[in-house]
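Let's take a walk through this structure, stopping at the places where there is space to fill or something already filling it. Have the viewer open and follow along.

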Amino acid sequence: MSDAIFTENLRKVYAAPSMRRFRGLSSRGSGPPPIVPFAPVRTTDKGVVALDTLDLRVREGEFFGLLGPNGAGKTTTIGILTTRVTPTSGRAMVAGLDVTAAPDRVRQRIGVVPQRPNPDRSLSTLENLVFHAAYFGIPLDRAEQHAVDLLKRLDITDKADARVDALSGGQQQRLMIARALIHEPQVIFLDEPTVGLDPQARHDLWEILRDLHAHGRTIVMTTHYMEEADQLCERIAIVDRGRLLACDTPERLKASAPGGTLVEVTLDGEAEAAVTPALAVAGVTRAEAHGTGLHAYSERGGEAIPALITAAQSVGRVVTNIHLTRPSLESLFISMTGRKLD
Amino acid sequence: MSPASVFWALLRRDARVARRELPSFLVRTIMQPVLFIIVFGYLLPRMGFVQAGYTSALLPGIIAVSLTLSSVQSVALPMVQDFGFTREIEDRLLAPIPIRLVAIEKVVSGALQGVLAACVVLPIARLIMGPIAGLHLPNAALALGVTLLGSTVFASLGLVIGTAISATQIGLMFSIIVAPMLMFGCAYYPWRGLDAVPAFKYGVLINPLVYVAEAMRGALTPSLPHMPLWVACAAMVAMSALFLAIGLRGFVRRSMS
Ligand SMILES: Nc1ncnc2c1ncn2[C@@H]1O[C@H](COP(=O)(O)OP(=O)(O)OP(=O)(O)O)[C@@H](O)[C@H]1O
Ligand SMILES: [Mg+2]
């Protein structure tokens with residue numbers, strides 16, 4: 001079996017108790033439900049649909065990226081693959097094992113860097129690593145040697161004997177990375193591992209990940225940084241609202257990005273009315289409204305800006321902000337999801 | 001890589017933490033019993049408010065209270081934190097063993113801490129109270145067995161509590177569950193004494209502490225009136241099983257989303 005990860009029709013619906021309470025409070029009126037602006041997720045009576053029939057396939061030894069805006073379902077996907085979230089339906093395999101049928105054996109083969117650091121606060125930094133290794137059956141002396149090496153690599157050696165409460169956010173994040181590697185897992189999951197790291201630590205982590213990749217490990221990483229995904233990942237999946245929108249190499253994804261420069265014009269009100277006049281501007285191949293944002297794809301770069309401002313004014317809108325994005329993963333992302341990553 | 005070796009590693013982790021927190025552990029678990037011993041086992045008999053024989057009824061009950069507090073707290077308190085905002089337990093949930101074993105390890109380690117507390121309090125009690133009529137120590141193995149069984153009941157109860165409440169409810173839990181349990185647990189008076197108040201005599205039977213205290217009387221002061229040992233032990237086994245089942249369900253529910 002050459003698939004490190006395989007999912008089929010994966011679905012996750014979270015029960016939403018807080019919603020029930022919310023409805024309970026507002027149940028006196030029988031009016032329409034409140035409109036939540038930019039509500040990115042679908043909610044049903046049963047709860048929040050976090051994943052909606054997601055199909056993924058990651059090859060053994062592949063460096064795979066998951067890109068998506070907040071609430072897209074990235075953490076949920078990783079949660080299912082790391083046996084921490086029970087799928088509502090569908091199938092997920094990791095290292096050839098079904099995550100629901102053989103969770104213990106899956107855990108034996110994976111390392112996980114969570115989105116939010118969750119070190120064992122009753123233990124010191126070094127103990128966190130040594131005990132985690134012990135949970136994977138690694139004898140003490142070997143674990144300790146390996147832990148010391150990892151701490152050095154992640155540049156937190158001076159914190160080895162400190163209580164984890166004494167570590168800064170970025171240092172805790174590094175500890176999480178060390179913990180995910182201590183038992184030398186076959187498949188490594190990293191959920192936004194570089195958030196909160198300074199540029200140096202971020203590049204150090206990139207080196208570590210490249211090295212692990214070179215040694216044949218499978219790596220699955222979520223990130224909000226396009227540059228990171230572009231530089232590291234062999235293939236990238238773009239997900240939004242629990243669905244897979246695209247999955248390909250960064251090169252091919254970039255090539256499929258809509259032509260021209262993306263001009264994002266922010267207006268002082270709904271942008272819908274400005275779409276038609278914007279489409280009439282010379283060089284604009286495509287225009288869409290996203291709330292107060294008017295997204296226009298221009299083949300002549302920034303030259304279209306004055307005409308777009310005029311177009312907005314012609315429908316009584318005032319421009320409050322303008323942003324240009326060259327054709328890139330980012331413009332593809334925005335064209336697919338209508339939203340920016342950060 | 002066997003589940004037993006992972007289980008052992010989890011136990012070693014708890015031992016490491018317990019050793020580091022030993023002073024606060026001791027204060028937390030033996031303070032209350034020791035204060036009780038001083039007032040009811042030393043001061044009141046000397047003042048003549050209670051009969052000298054009262055210490056014989058009190059001692060086994062105090063031991064039961066010590067192991068109760070210790071095992072409930074050493075499971076419930078860290079677990080509330082473990083499942084709190086930071087979800088510290090996650091690193092153990094990633095261990096390659098069934099999740100239920102992680103919970104069972106917590107119960108085992110909590111029960112061992114209960115035994116430890118009982119072993120610390122017994123000599124202190126004997127020291128403060130002076131000679132205790134009817135104390136029969138040759139049954140040490142039996143007493144230890146009762147202690148272990150009783151600690152298992154309360155460690156399992158700690159699992160139920162630890163998975164059911166949130167950090168903000170800890171104080172409430174002690175006022176609503178633990179305090180009444182201690183007062184109506186036949187720890188400070190023998191169950192047979194309740195013959196005088198039949199409504200209480202049968203009402204308190206839902207309280208697990210009753211069986212631990214009575215079994216402890218059966219083991220430490222066998223010549224004094226107490227519930228038949230086998231009845232108390234059977235009840236403890238049944239209650240352990242019940243709490244463990246509920247606690248395991250709660251643990252799995254809290255661990256998986
Ligand atoms: N434990 C939970 N209970 C209820 N709903 C949840 C839970 N976890 C996630 N959700 C919901 O599921 C959806 C997907 O969440 P998820 O955490 O997978 O998104 P994400 O892609 O990781 O987002 P982010 O970039 O913000 O980390 C969101 O709408 C979120 O509100
Ligand atoms: Mg996330």
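What follows goes from the ligand site to the open pocket, then to the enclosed cavities and finally to the aromatic rings. Keep in mind that this is a predicted model.

Start with ligand 1. Which residues come nearest to it? Of the 15 residues around ligand 1, those are A:Gly71, A:Lys74, A:Thr75, A:Thr76 and A:Gln115. If you sort the shell by residue type, you get six nonpolar, seven polar and two charged residues. In terms of secondary structure, strand E3 (48-59) and helix H2 of chain A each supply at least two residues of that shell. H2 of chain A gives the most, with three residues.

Now zoom in on the polar atoms. A polar side-chain atom of A:Gln115 sits 2.8 Å from an oxygen atom of ligand 1. The backbone takes part as well: a polar backbone atom of A:Gly73 is 2.9 Å from an oxygen atom of the ligand. Then there is A:Glu192, with an N or O atom of its side chain 3.4 Å from a ligand oxygen. How much of ligand 1 does the protein bury? On its own the ligand exposes 640 Å², and the protein buries 69% of that.

Next, the largest pocket, which holds about 890 Å³ of space. Its lining has 25 residues, and the ones closest to the pocket centre are A:Thr75, A:Val85, B:Arg87, B:Glu90 and B:Ser257. You have met A:Thr75 already, as one of the residues that come nearest to ligand 1. Helix H2 of chain A, residues 74-81, turns up again too: it gives the most to the pocket lining, with four residues. By type, the lining divides into nine nonpolar, 10 polar and six charged residues.

On to the enclosed spaces. How many cavities of 30 Å³ or more does a search of the whole structure find? It finds two. The largest has a volume of about 50 Å³. Around it you'll find A:Arg153, A:Leu154, A:Asp155, A:Arg174, A:Leu197, A:Ala201, A:Asp204 and A:Leu205. This lining has four nonpolar residues, four charged and no polar ones. Helix H7 of chain A (residues 199-214) provides the largest share, three residues.

The second largest cavity holds about 40 Å³. Its lining includes B:Leu94 alongside chain A residues, among them A:Arg107, A:His132, A:Phe136 and A:His183. Two elements of chain A, strand E7 (110-113) and helix H6 (169-181), give two or more residues each to this lining. E7 gives the most, with three. The split by type here is five nonpolar, three polar and two charged.

Last stop: the aromatic rings. A pair of aromatic rings is described by the distance of the centres and the angle of the planes. Over all chains, the count comes to four aromatic pairs. One of them joins B:Phe36 and B:Tyr188, with 3.9 Å from centre to centre and 10 degrees between the planes. That pair counts as stacked, because its planes are under 30 degrees apart. Where do the two residues lie? B:Phe36 belongs to helix H2 of chain B (residues 22-47), while B:Tyr188 is in the loop between helix H7 (170-183) and helix H8 (198-203) of chain B, so the pair ties together parts that are 152 residues apart in sequence.

Definitions and conventions
Residues are numbered from 1 along each chain as its sequence is written. Chains are lettered from A and ligands numbered from 1 in the order in which they are written. This is a predicted model: local features need pLDDT of at least 70, side-chain atom pairs count only at pLDDT 80 or more; totals for chains, interfaces and linings use all residues. Side-chain values use heavy atoms; hydrogens and water are left out. On a 1 Å grid over the protein atoms alone, a cavity is a set of points where a 1.4 Å probe fits but cannot get out, and a pocket is an open set with protein on both sides within 12 Å along at least five of seven lines; lining residues have an atom within 4 Å of a point. Grid points are joined across faces, edges and corners, and a volume is the space filled by probe spheres set on the points. Ala, Val, Leu, Ile, Met, Phe, Trp, Tyr, Cys and Pro count as nonpolar, Asp, Glu, Lys and Arg as charged, and the others, Gly among them, as polar. A residue is near a molecule or strand if one of its heavy atoms lies within 4 Å of it. A polar contact is a pair of N or O atoms within 3.5 Å; within protein, one must be able to donate a hydrogen and the other to accept it, and residues adjacent in sequence count only if both atoms are side-chain atoms. Accessible areas come from the Shrake-Rupley method with a 1.4 Å probe; for residues, only the protein chains shown count as cover. Rings of Phe, Tyr and Trp (its six-membered ring) pair if their centres lie within 6.5 Å; planes under 30 degrees apart count as stacked, over 60 as edge-to-face and the rest as tilted.
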